[in-house]
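Please open the model in your viewer and keep the sequence at hand, since each stop on this tour begins with a selection. The route goes from backbone details to charged pairs, then to rings, and ends at the surface.

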Amino acid sequence: MDSNEIIKLTALELGQAIKDKKTTSVEATRAYLDAIEELDGKYNSYITVRKEDALKDAEQIDAKIASGELTGAFAGVPVAVKDNMCTDKVLTTCASRMLHNFIPPYDATAVRKLKEEGMVILGKTNMDEFAMGSTTETSYFGPTVNPWGENRVPGGSSGGSAACVAAKLAPIALGSDTGGSIRQPASFCGITGLKPTYGKVSRYGLVAFGSSLDQIGPMGRDALDVAYMLNVISGQDEKDQSSADSSKLDLEAVKNFDLKGRKIGLPEQYFAEGMDEDVRARVMEAVKLMEQAGATVETFPMPIMDYAIPTYYIICCAEACSNLSRYDGIKYGYAPEDVDDLMELYIRSRSEGFGLEVKRRIMLGNFVLSSGYYDAYYNKALQAKALIKKAFDEAFEKYDAVIGPVAPTAALKAGESLSDPLKMYLGDICTVLINIVGVPAISVPCGLTSEGLPVGMQIIGRHFDEQTLMGFAYAYERLSREGK
């Protein structure tokens, strides 16, 4: 099997090809490393590439596959990891000058599980600095380019993971999602991305942004790859007290999911003014396809959505300023030279180590937590969070899934959001609710705009009901393939 054939395979197809001895992990790894060397200068989807170490790992994995020690579906398959997950002896920067030289002495739990499955880590992918952004333009290592257009952003903050999967520089990748950072880049890059239920995947080793919102999830070329990957990385972890003991997906049930009798709810506010007409049309066409296959579709009001953006940004900025207070240039982090005293060290380490968007969110967080404003902002946001949760609980009493667009537009032009941060924040209107209440949601490609850019449909499910969620996603994929 030649390199061009290898990189066209999904992760599951590649895993099966390795099992069937049509190729090897070394050959697959080399095919992707060659593609990265040839093309990633154009996309900048990776910060660190493990060229020699990845090939050594692949050799050892091939030997374990041959001996029968490794038998998983992804054994020998290469994978990319977002650069905010700790990787033992591999640079982990969070795309920030603050951590430009940080090499962790341990693996994040999700990364450890990839290794136990027998996957080969190709490298660490580019992202918005400390996961703060929606375009992957705030990285200290330069912006990532969307493979669908050199003047388009890939979304963020997991833009590097989305771009490398879309450009066939990795068959599958891990991202993290605090307010849409897996789903929105998946939508912009035309791939599938899952934000699991909060607690489904351990956050141990994930560099914290908003601790009550962050969740690691898979990004792949189709729903089955994503479902299999979720089974690899999910599970309770004694190192993360917020992780939960939840069941693995029944993958055969996902494949045989029937849309007949299923109820779909469409929140009116998801399709309100400000939504790009192409995006609205593609999502509604996808819903119509599921309705024709036997699903029942209803629209319903969700007025609490009007409070999504302020609630999310108050909570995430408050948690961010707390989490980022540990970076002082002493224990770890950027340490400036030629400082005269401790105060100058603190000031210069943080002013020179953090980028503009990170500083903006630290300042917002400190403001909403400050004396005199705590009750007016942070407490109100927590009250709104409870109301948002109630709205979703009521919706899921009626519907098996809630569906809408992932973002109001397709991929933005480079530079559009950086000049107007408020516009960037408002672009998260469709995704942040899911993180506020902790339910799972997936972005599935559902067509192209008139400009030829991909559109993502967002399917939202009940807490820990990824089984149904993945069933909807796979059933739609099957329908859309049959319709072509």
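Select T136 to begin: in this predicted model, its relative accessibility is 0%, so T136 counts as buried, the cut-off being under 20%. T136 sits in the loop between strand 3 and helix 6, and its phi is near 55°, a positive value in a residue that is not glycine. Stay in that loop, between strand 3 (120-125) and helix 6 (159-166), and move to S157, where a cis peptide bond joins G156 and S157 with omega at about 5°.

For another backbone with positive phi, go to N44, a residue other than glycine whose phi is near 55°. The loop that holds N44 runs between helix 3 and strand 1 (46-49), and N44 is partly exposed there, with a relative accessible area of 22%.

**Charged pairs**

How many salt bridges does the structure hold? There are 24 of them, and a few are worth displaying with their side chains. Select K51 and E37, whose side chains meet in a salt bridge at 2.8 Å, taken from N to O. This pair links distant parts of the chain, with K51 in helix 4 (residues 51-67) and E37 in helix 3 (residues 25-43), 14 residues apart. K51 is partly exposed, at a relative accessible area of 40%, whereas E37 is exposed, at 56%.

Next, show R50 together with D57, since these side chains also form a salt bridge, at 2.9 Å from N to O. Here R50 is buried, with a relative accessible area of 14%, while D57 is partly exposed, with 25%.

Then select D240 and R203, which meet in a salt bridge of 4.0 Å, N to O. They connect distant parts of the chain, 37 residues apart: D240 belongs to the loop between helix 8 (223-233) and helix 9 (251-255), and R203 to the loop between strand 5 (192-195) and strand 6 (215-220). Are D240 and R203 buried or exposed? Both are buried. To finish with the charged pairs, select D278, R282 and E285, which are linked in a network of salt bridges.

**Aromatic rings**

A search of the whole structure finds 16 aromatic pairs. In one of them, the rings of Y327 and Y332 have centres 5.7 Å apart and planes at 70°, so this pair is edge-to-face. Y327 counts as buried, at 5% relative accessibility, but Y332 is partly exposed, with a relative accessible area of 34%. Extend the selection to F102, F130 and F354, because ring pairs link these residues with Y327 and Y332 into a cluster, ring centres within 6.5 Å counting as a pair.

**The surface**

Switch to a surface display and select I330, L342, M343, Y346 and I347, which make a nonpolar patch of about 480 Å². L342 is placed in helix 12 and counts as partly exposed, at 47% relative accessibility.

The last stop is a charged patch, for which you should select E337, D338, D340 and D341; together they form a negative patch on the surface. E337 lies in the loop between helix 11 (308-323) and helix 12 (342-353), and E337 is exposed, with a relative accessible area of 63%.

Note on methods
Residues numbered from 1 in each chain as written. Predicted model: local features only at pLDDT ≥ 70, side-chain atom pairs only at ≥ 80, totals over all residues. Heavy atoms only, no water. Patch = residues over 30% accessible without salt bridge, like charges linked within 9 Å, V, L, I, M, F, W, Y side chains within 5 Å. Areas by Shrake-Rupley, 256 points an atom, 1.4 Å probe, with all protein chains shown as cover. Lys, Arg positive; Asp, Glu negative; His and termini not counted. Charge placed at Lys NZ, Arg CZ, Asp CG, Glu CD. Helix = DSSP H or I, 4+ residues; strand = E, 2+ residues; numbered from the N terminus. Buried < 20%, exposed > 50% of the residue type's maximum accessible area, 1.4 Å probe, protein only. Phe/Tyr/Trp six-rings, centres within 6.5 Å; stacked < 30°, edge-to-face > 60°.
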